[in-house]
Amino acid sequence: MIRHYLTAGLLLLLALPLSAQKGTVSGRVTDAEDSRPIANVSVVLAQTGLFAATDAEGKFRIENAPAGSLQLVVSASGFLPSEQNFELKPG
């Protein structure tokens, strides 16, 4: 059985003025081998309890993310999990 890798393309990391220390994290999850979008993938901001699932185009959006250093954990059945560290800065 071939294991595929997930790629979390953080297309858009925005710190929207929802509050002084909150922002929105959104992006697209694709197969690392052929860049096809993957639907129904679990996308979790570690240590926050915030999560989303990708749509049919592999897109996700998580609102009210805290500013600071965050870790995005992406997982789906049949794929190896992927982790992405990033900094979300307030707008």
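Accessible areas here come from the Shrake-Rupley method with a 1.4 Å probe, and for residues only the protein chains shown count as cover. With that rule, the accessible surface of this protein comes to about 5300 Å², of which 53% belongs to carbon and sulfur atoms.

A word on ground rules before the exercises. The model is predicted, so local features need pLDDT of at least 70 and side-chain atom pairs count only at pLDDT 80 or more, while totals for chains, interfaces and linings use all residues. Residues are numbered from 1 along each chain as its sequence is written, and side-chain values use heavy atoms, with hydrogens and water left out.

**Exercise 1. Work out the overall make-up of the protein.**

Step 1: list the elements. Helices (H or I, at least four residues) and strands (E, at least two) are DSSP runs, numbered from the N terminus. On that basis there are zero helices and eight strands, and the pattern along the sequence reads β-β-β-β-β-β-β-β.

Step 2: check burial. Buried means under 20% relative accessible area, exposed over 50%, and partly exposed in between (1.4 Å probe, protein chains only). Of the 91 residues, 34% count as buried.

Step 3: look at contacts, meaning heavy atoms within 4.5 Å. Taking contacts between residues at least 6 apart in sequence, 48% join residues at least 24 apart.

**Exercise 2. Find the largest nonpolar core and the strands that supply it.**

Step 1: fix the term. A nonpolar core is a set of buried Ala, Val, Leu, Ile, Met, Phe, Trp, Tyr and Cys residues joined through side-chain atoms within 4.5 Å.

Step 2: pick out the core. The largest one has 17 residues, and those with the most contacts inside it are Val 43, Leu 45, Phe 60 and Leu 72.

Step 3: trace it back to the strands. At least two residues of this core come from each of strand 2 (22-31), strand 3 (42-45), strand 5 (59-66), strand 6 (68-75) and strand 8 (82-88).

**Exercise 3. Lay out the four-stranded open sheet.**

Step 1: get the order. Two strands pair if DSSP finds at least two bridges between them. The open sheet runs 4-3-6-8 with antiparallel pairing. Strand 4 (50-53) and strand 8 are the edge strands, each pairing on one side only, and the twist averages 20° from one strand to the next.

Step 2: walk across the pairs. Strand 3 and strand 4 share four bridges, with Ser 42 standing opposite Ala 53. Strand 3 is also joined to strand 6 by four bridges; here Val 43 has Val 74 as its bridge partner. Strand 6 and strand 8 are joined by seven bridges, including one between Gly 68 and Leu 88.

Step 3: inspect the turn. Strand 3 and strand 4 form a hairpin with four residues between them, and Gln 47 in the turn has a positive phi of about 70°. Gln 47 counts as exposed because its relative accessibility is 77%.

**Exercise 4. Compare the surroundings of Val 73 and Val 74 in strand 6.**

Step 1: sort them by burial. Val 73 has 22% relative accessibility, so Val 73 counts as partly exposed. Val 74 sits at 0%, so Val 74 counts as buried.

Step 2: find the partners across the sheet. Val 73 has Glu 83 in strand 8 as its bridge partner. Setting aside residues up to four places away in sequence, Val 73 touches Ser 42, Val 43, Val 44, Ala 46, Ser 82 and Glu 83.

Step 3: set sequence against space. Val 73 and Ser 42 are 31 residues apart in sequence, with their C-alpha atoms 8.0 Å apart. For Val 74 and Val 44, the figures are 30 residues and 6.5 Å, again C-alpha to C-alpha.

**Exercise 5. Which backbone atoms does the side chain of Thr 54 reach?**

Step 1: place the residue. Thr 54 lies in the loop between strand 4 and strand 5, and counts as buried because its relative accessible area is 4%.

Step 2: go through the atoms. The Thr 54 side chain reaches the backbone oxygen of Ile 38 at 2.8 Å and the backbone nitrogen of Val 41 at 2.9 Å.

Step 3: add the neighbours. Beyond four places in sequence, the contacts of Thr 54 include Val 29, Val 43, Lys 59 and Phe 60.

Note on methods. Axes are lines fitted to C-alpha atoms, for helices over the stretch in contact, and angles run from 0 to 180 degrees between N-to-C directions. A polar contact is a pair of N or O atoms within 3.5 Å; within protein, one must be able to donate a hydrogen and the other to accept it, and residues adjacent in sequence count only if both atoms are side-chain atoms.
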